[in-house]
Amino acid sequence: MKLKDILFVAITAVLFGIVYLGAVYMGAALTGILTPMGLGIYGYEPFYGIWFLAAVFTTYVLQKPGVGIIAEMLAALLEVLMGNFFGPIIFISGFIQGLGSEIGFAVFRYKKYSLQSTMLAATGCTVLSFIWTGIRSQYWTLSPMVVLGIFVIRLASALIICGFGCKLLADGLAKAGVLKGYALGLGQMTLEEE
Amino acid sequence: MEKLNPFLKGVSILVCGLILSFSYSVLLNGGIIAVSLILLLFFSKARLTSLVKILVPAFVAAVSIFFTGMMFTSGSAIAPEAVSKVESLNFEVMSYSMTSVYNAIQLSSRILAFAGLGVLFAMTTDGEEFVKSLMHQCRLKPKYAYGVLAAFHLLPCIREEFAKAQMAFRVRGIPVTPFSMKPVFAMLVNTVHWSEHVAMAMESKGFDGEGARTYYTVTVIRWYDWCFLAVTVSLLVSGTFLLPF
């Protein structure tokens, strides 16, 4: 990766970090509301797609293998710098989510960058992160319906926020002409010239 | 705590977190919470007010997961032989609710233990030091390290840019709520421009991500860093095997 790409990834990670911070507040509020019903565990799930944004968005724009993992690791590093209370363990979560996104894009051998591939990447992130949080918070001790609910909400959130959102956002940016220096913007430019 | 090498401290806490992910003991969780609080309060310069502030969301999460555990503990988590031997309904209900309470305590203390470890790192580590130490001890390439630092220090500018974008929309008479996407998009367009500009600026100043370079400060690993790693990990491993529940 060139320095330009790294800075692009790092700055998007910072931006999504801000969005993520907002999501944490909303998630905490929602957790508070749901707690008396015993459903507080769902509080953060509707916003889970935001965690995957960095990986899917940057891979979609830069269109190179390995970008997703690097993006999530840099995002994790930035979160540690901003003082996330989970500390260094989020490097692991970041790596796992990045890997999930990589799997999604690898299905098309990093050749195809469309809504299908972003959706697949979002699904990959969801499945892997679900396994990881499952191990960390012992999902098997909870009743299966609650756990299934977690998975469904998380998947829906990932598909909407990450699958659709990334594509919309990136295409919008490419149309605005700011991505000329990156693979996505280049591809769209040559299309228009033809 | 501040004097420890950030990278090795990070590794120790990461390894502890990993071991903790696969061990299920309430006592161990309690022990970790206690130790990290003691280290924070007596062996670091962390301020009490900021400590409380950072722990509030963790506490909220722990309480909520406690209630989830209470109400939705899976039936299969209960040892059936303990229940089936007796006919008494009272005993059955009691053992079921005991398991629920135990599971709830276990789940919530786990969250707090993870948070304790994380806060122990976050409150005692300077971000810049951590990146430097990643560069020197973990062989992180300077282009990644300085790229991340550049982006991190752009944070105030990005906030300002966002406020400006919101203001620009208001001036034009377009109502702006905290959830409207248009200013976010405007901000994104500008900041993506920056990433190119910052890269150009760094390269024009002679920054070369690959070659050898000299550093103003070099972080080093001392003997007590290895001690910290050895002590924390061995304590946790022995705790996993020795503590029964």
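Let's start at the interface of chain B and chain A, where the rule finds zero salt bridges. Keep in mind as we go that this is a predicted model. Polar contacts do appear between chain B and chain A: the count is two residue pairs, both at pLDDT 80 or more.

Which parts of chain B face the partner? Helices H1 (6-21), H3 (48-72), H5 (89-124), H6 (127-137), H7 (142-153), H8 (155-171) and H9 (181-204) of chain B each supply at least two residues of the side that touches chain A. Of these, H9(B) gives the most, with 14 residues. Sorted by character, the residues on this side of chain B divide into 43 nonpolar, 16 polar and four charged.

Now for the extent of the contact, which takes 63 residues from chain B and 54 residues from chain A. The size of an interface is often given as the accessible area lost when the parts come together. For chain B and chain A, the buried area is about 5300 Å², and carbon and sulfur atoms give 80% of that. On the chain B side, Phe72(B), Tyr144(B) and Val148(B) supply 11% of the area buried against chain A, more than any other three residues.

Finally, let's look within chain B at Ser25(B), found in the loop between H1 and helix H2 (26-42). Is this residue buried or exposed? Ser25(B) counts as buried, because its relative accessible area is 4%, below the 20% cut-off. Its side chain reaches the backbone nitrogen of Leu28(B) at 3.0 Å. A polar atom of that same Ser25(B) side chain also lies 3.4 Å from the backbone nitrogen of Leu27(B).

Methods:
Residues are numbered from 1 along each chain as its sequence is written. Chains are lettered from A and ligands numbered from 1 in the order in which they are written. This is a predicted model: local features need pLDDT of at least 70, side-chain atom pairs count only at pLDDT 80 or more; totals for chains, interfaces and linings use all residues. Side-chain values use heavy atoms; hydrogens and water are left out. Contact means heavy atoms within 4.5 Å. Buried area is the accessible area (1.4 Å probe) that two parts lose on being put together, summed over both. A salt bridge is a side-chain nitrogen of Lys or Arg within 4 Å of a carboxyl oxygen of Asp or Glu. A polar contact is a pair of N or O atoms within 3.5 Å; within protein, one must be able to donate a hydrogen and the other to accept it, and residues adjacent in sequence count only if both atoms are side-chain atoms. Helices (H or I, at least four residues) and strands (E, at least two) are DSSP runs, numbered from the N terminus. Ala, Val, Leu, Ile, Met, Phe, Trp, Tyr, Cys and Pro count as nonpolar, Asp, Glu, Lys and Arg as charged, and the others, Gly among them, as polar. Buried means under 20% relative accessible area, exposed over 50%, partly exposed in between (1.4 Å probe, protein chains only).
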